[in-house]
Each structure stands twice: as structure tokens, then as C-alpha cells.
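Please look through the structure below with its two chains side by side, and then follow the paragraphs that come after it, which move from the contact between the chains to the spaces enclosed around them.

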Amino acid sequence: MNKRTWLSFPYVLWIIGFTVIPLIVIFRYAFTTGDGGFTLENILTIFDPIHFKALVFSLEIAVGCTLICIILSYPLVLAMRRLKMGKSGVALFIIILPMWMNSILRIMAWQMILSPNGILNLILEKLGMKPLSIANTATAIMIGVVYDYLPYMILPVYNAVAEINEDIIEAAKDLGAGSITTFFKVILPLSMPGLLSGIVMVFVPSMTSFVVSDVLGGGKLQLVGNIIEQEFTKSANWNLGSGLSVFLMVFVMISMAFTLKNDVDGKESTVW
Amino acid sequence: MKKRGVCLCLSVLILAVALLSTGCGKKEYEDTITVFNYGMYIDPDVLDQFTEETGIKVNYEEAPTPEELYTKYKAGSIDYDLLCTSDYMLEKLIEEGEFAELNMADMENTQYIDDRYWNFAKSFDPENKYTVPYFWGTVGILYDTTKVHGPIDSWDVLFNGEYAGEFIMQNSMRDAYMVALRYLGYSMNTENTAELDEAQQLLLAQKDDVQAYLVDEARDEVVAGNATMTVIYSGDGYLGMEYNENLDFALPKEGTNVWMDSWGITADSKHKESAMKLLNFLCREDIAWKNFEYVGYSSPIDQVNEKMDDAQKANKALCPPEEDTESAEVYKNLSAETTAYMNDLWKELKAE
């Protein structure tokens, strides 16, 4: 044991340099005023109507995005399991492939698709339908975050579902369960660890994102992330930006703790 | 967003280059200076040429807006030698003592800058002691002549609902309030909160009609036909007209903003000589022309203005008529209270 502890040295250094110290700096900014005095104002400013509204909107986007990702990923994952597509790796590869491309680029592609003269409206026009105006709305942001984070839901859910023993599912069917009952009574509970890590990996980044809303929201809609970004880059109010960040961090931690407490069989999920 | 990507790529590149060059120590440079500028605001060849001619290496950094440039500069993690920003931000930096005094006589090419621009620069650098003009321009409306019904000569088209959902506003605080304040007949440098509140009501009412708030992408959206018109910087307006012949540029009759971007050398710079060499280089006829062609804003250098062809000289975005620049205002640095007040209004507007 002791002989190998030195191997962890680089990681300890990494954690101290890139996690612990930045956190201390952020907390220091969050709890001080511009002149260095202690204050709680930066944290409590989240209850300012403007900030609170952005928080609620972020929550709507994050919860909506997580739910849509769950609904989209289960049928896909079950189909992959049934067709044994995961075995050959092709299906998973196709899902992972877009993640290797820069995410800003992919979001800008959505901007092209959704814009008034974009690809979507071109197709609709060809089909003789009325053009849609999705660009710069909450719908556009939702499409963007779902597209961006869906793979993070599919992968852990697939891993969990693929591990379920076929015998168990067959036993359920033998005992008279229909496919819906089998899903809710067998597959869903058994894939819970994967689902929970999927929720964490989708909920957290969609809650704190700001790039997607910036590009697809046309600057008309603000998530908490946008306000924090603006405080740092434009208003030069790092204390307020840090205060909002700390609030968001604690908020996410609490909601995650709440989610993970319901982990039915107490199995460690892959993320935590 | 585009520029942030470019910025990121550039910083990675700079880091890689820095590591490589210090690591191997193959190439020896006379000196190294760090330059800070807006994105897409210099012809990249110019910097290479400078290094070739003088042996001075240039580390180049970018920021998209004056506010972001200021924040990054003030963060203090990089020692900048030379930086370029806009009038009101220059005024703020000069007030804070961030710039070194320059002896213009040491930079012989600065003589090619017409008096008109030195006078203009006095609005933020009263004695022309700290800054050297780089580009200047106005803010106007870039519009698609095939889509508008009626003349575009007033900010009114952005507020009367006629083009609801078809126009783009600048996603930059000062420019957004400038439009509303001038439309209401107030100064864009007002410190009067009642006037700002009135502008805010106007902008809040306008928001439903705004297609998007953009900065760099605004031009492309009009060029691509996604929007009918946008509030735009004159240089982007000029380039837009180059890309799409149906576009035209208007300076609203209520008056607009005329701005100037200038270079200053930081007071703490340890490479002032080299930085001055670059400043002098940028004012040289051929280099100024190269940058003008790349950037598309109006240059203060005499020879550049003489060299323009007739079409360019007649272009309202490149060469605004004198009566328009006379009625236009330059941004002043607002007091800390007014800036904070405007920040709050802006946040409210964007969150609504």
C-alpha cells in the first residue's frame, strides 16, 4: 500500500491546483464585497426578481431536458438491447460520434437549421407547409440542450440495461407480465443506477449552461449561466458572479443528493 | 460566439507556440511584446511582416467587446504592452493611469494622421498624449432594400412595430441604450436616471419585436436574409454591402454614435520601445491600407483615404457625410453609479 501512494501525487496536485484552490477563490469572492469586507449579499441576490426569474427558467430547461432525454433514451436503448446492436459497437459508436465534434459548432449548426431562412423552413416550404419560427425561443434552447446532452443519458442507461439478465425479463413474462409491466417493474428498477448517473450528467450541465442559450436564444432569454457570464466578462462584478455561482453549486448539490438518496438498491452509480 | 471560439483557438495556439519556442529555444527574437485587440481587427499578415522586419515577436490576444477587454486586462494575469480599445474605455483607462505618455515625434508615421482625427481623439485623450487613432466609424442601420417598404432614415423603424420580428439589435449595452436615448432626443451620455428609465421602457416594449440581440453575427443574419435590418457598426455595414448587393446602410436622422478605437501603451510595459515600433508600423501607409482592406472600417491615415476608389469614397458606411458625424456623439465614460444603474437596466431588459 504505502509503496504505491506516491503514484497518487500528481492527482493530489491536480485536485489541489484545479479544484480546491479555485473553489476557495470563488468562495472568497462570493462572501466579500469589492473592498474586501464580509457580506452575504452576493449569495442572497439570487432572490432579486431578475436573477430568480433566470433561475426558474434554468430549472425549467434542466428538468425539461432531463425528462425528454429519459423519454428518448429508453426506447432507443431497449431497441439496441433487443437487436444486440451494442455488441458490435456500431450503434454506440454512432451515438458517441457527434460528441467528438466541438459542441459550439454543433449548436451553431442548429442555429442554421432553425433560423427563419434555415434548413427546416426550407424543407417545410418544399412540402407546402407554413414556416415555423423556432429560432430565438425557449423551444430552440430546449432542442439545443437535449441534442447536446442526450448521449450522456443514453450511455449510462444503455450500460445498465445491457447488463440486465435476459432470464429475469423472461421470468417476468412467464409470470404473466406484459411488456409495460415488465418495463416498469423489472427493467426500470434494475437500470436505476445508470438512469441516476444519466440524470446527473444531463441535469447539471443543462442547468448551468450558457452557450446554448446564448447562441440559440438570440440573447433574448437568460439562464443563470448567462447572468453569471455577464457579471464576469462585461460588468466586471466578480463578487456577484461568484455569489451566484456558489448558490447554483449548492443548489445543484442539494438536488443531486435528493435524487441519489432515492437510489433503490443502494448500488453505486457510475458517476459518484 | 464565433469570436470566443476563435479566441480560444488562438490562446491555445499562443500557448503551444510559447511552449514550443521557449522549449526548444531555436529561434531568437530581439524582443517580445504582448498586444491586446478586438477580434478580426488586424490583418494577421501584418503581424508576421512586423516580426520579419524588426525581429520583434508579437504575442496577440483578443476580446470581443470593450467591457470584456477591460475585465481581461484588469485581471492582470497577462502583462500587456500595447492595447487597442474604444473611446469611453480609453478614457477610463487613461483616468486610471493605465497608459504611458507617448512622444508622437518618436513615431514618425503618426504625422499621416489628419488633424481632424487628433481633434476627434481629444474627446477621450484631451492632450493627445496617450493614444494613437487606429480606426473610427459610426453606428447605423444595415437593411435589405428588397424587404423594406419605405425609406430607412430614422431609428423609428425599430420602434414602430412595422418590422416586428425582422430586425436585430446590438447585444451590447451602450449601443442598445444609445439607440433608444437618441430616438427620444436625449444624449447617449446621459447620467439622468429618469431619461434612462424612459429609454428602458422603450426597449422593454420593443423586445417582443426584436428578432435577436447579436454582435458579430448580426451582419451575417442580414446578408443571409434571415433578418431585414440590424443596428450595426459601420465597418460591418460596409462589409455586408460587399457580400450582398441588395443591402444598404443608413445613418438615422436623430443622430448616432461616432466612435474611435485607438492604441495605447500600458504604463507598466517593459517593452515600450518595441511597442512604439509596432505603433509606428501600424501607421505606415502600406500597412494601414492592408488593415483597412481586411477590417473595413474608416482609417484616420491620410494616404488610405486618398487611395480609396470612388465607390468606396461614396459609401456612407466608410465615409459618413460630415453633417451626420457632426450631429453624432462620442461615448463618454459614465460615472460608476450610472454604469451600475445601466448594468441593472440591461440585465432587466435581457431577463424580461
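In this predicted model, the rule finds two salt bridges across the interface of chain B and chain A. One of the charged pairs that meet in this way is formed by B:Lys347 and A:Glu231, whose side chains come together with 2.6 Å from N to O. Side chains of opposite charge can pair when their charged atoms come close. Beyond salt bridges, the count of residue pairs in polar contact between chain B and chain A is twelve, with both partners at pLDDT 80 or more.

Which elements of chain B give two or more residues to the side that touches chain A? They are α1 (2-24), α3 (66-75), β6 (210-214) and α15 (336-351) of chain B, and the largest share, seven residues, comes from α15(B). Sorted by class, this side of chain B has nine nonpolar, seven polar and eleven charged residues. Taken as a whole, the interface brings 27 residues of chain B into contact with 30 residues of chain A, and the two chains bury about 2,300 Å² between them, with 53% of that area on carbon and sulfur atoms.

Chain A, the partner in this interface, has 14 helices and zero strands, so that, by the assignment of helices and strands used here, its elements run from the N terminus on as an unbroken series of α. Along the principal axes, the C-alpha atoms of chain A fill a box of roughly 70 × 70 × 35 Å.

The largest pocket, with a volume of about 900 Å³, draws its lining from both chains. Of the 41 residues that line this pocket, those closest to its centre are A:Ser235, A:Asn237, B:Thr339, B:Ala340 and B:Asn343. The elements that give two or more residues to the lining are, in chain A, α2 (41-44), α3 (49-82), α13 (224-233) and α14 (238-261), and, in chain B, α3, α4 (87-95), α6 (173-183) and α15. Here α15(B) gives the largest share of the lining, eight residues, just as α15(B) gives the largest share of the side of chain B that touches chain A. By class, the lining of the largest pocket has twelve nonpolar, 19 polar and ten charged residues.

Closed spaces can be considered next, and by the rule applied here the count comes to three cavities of 30 Å³ or more. The second largest cavity holds about 110 Å³ of space and is lined by 13 residues, of which A:Gln111, A:Ser115, A:Ala135, A:Asn136 and B:Glu221 lie nearest its centre. The elements that give two or more residues to this lining are α6 (103-114) and α12 (211-216) of chain A together with β6 of chain B, and the largest share, three residues, comes from β6(B). The lining of the second largest cavity has, by class, eight nonpolar, four polar and one charged residues.

Finally, a search of the whole structure finds 14 salt bridges over all chains. One of them lies within chain B, where B:Lys74 forms a salt bridge with B:Glu96, the closest N and O atoms being 3.0 Å apart. Because B:Lys74 lies in helix α3 of chain B and B:Glu96 in the loop between α4 and α5 (115-121) of chain B, the pair ties together parts that are 22 residues apart in sequence.

Terms used
Residues numbered from 1 in each chain as written. Chains lettered and ligands numbered in written order. Heavy atoms only, no water. Contact = heavy atoms within 4.5 Å. Buried area = accessible area lost by both parts, 1.4 Å probe. Salt bridge = Lys/Arg side-chain N within 4 Å of Asp/Glu carboxyl O. Polar contact = N/O pair within 3.5 Å; in protein donor to acceptor, adjacent residues only side chain to side chain. Helix = DSSP H or I, 4+ residues; strand = E, 2+ residues; numbered from the N terminus. Nonpolar A, V, L, I, M, F, W, Y, C, P; charged D, E, K, R; others polar. 1 Å grid on protein atoms, 1.4 Å probe; cavity = no way out; pocket = protein on both sides within 12 Å on 5 of 7 lines; lining within 4 Å. Points joined across faces, edges and corners; volume = space filled by probe spheres on them.
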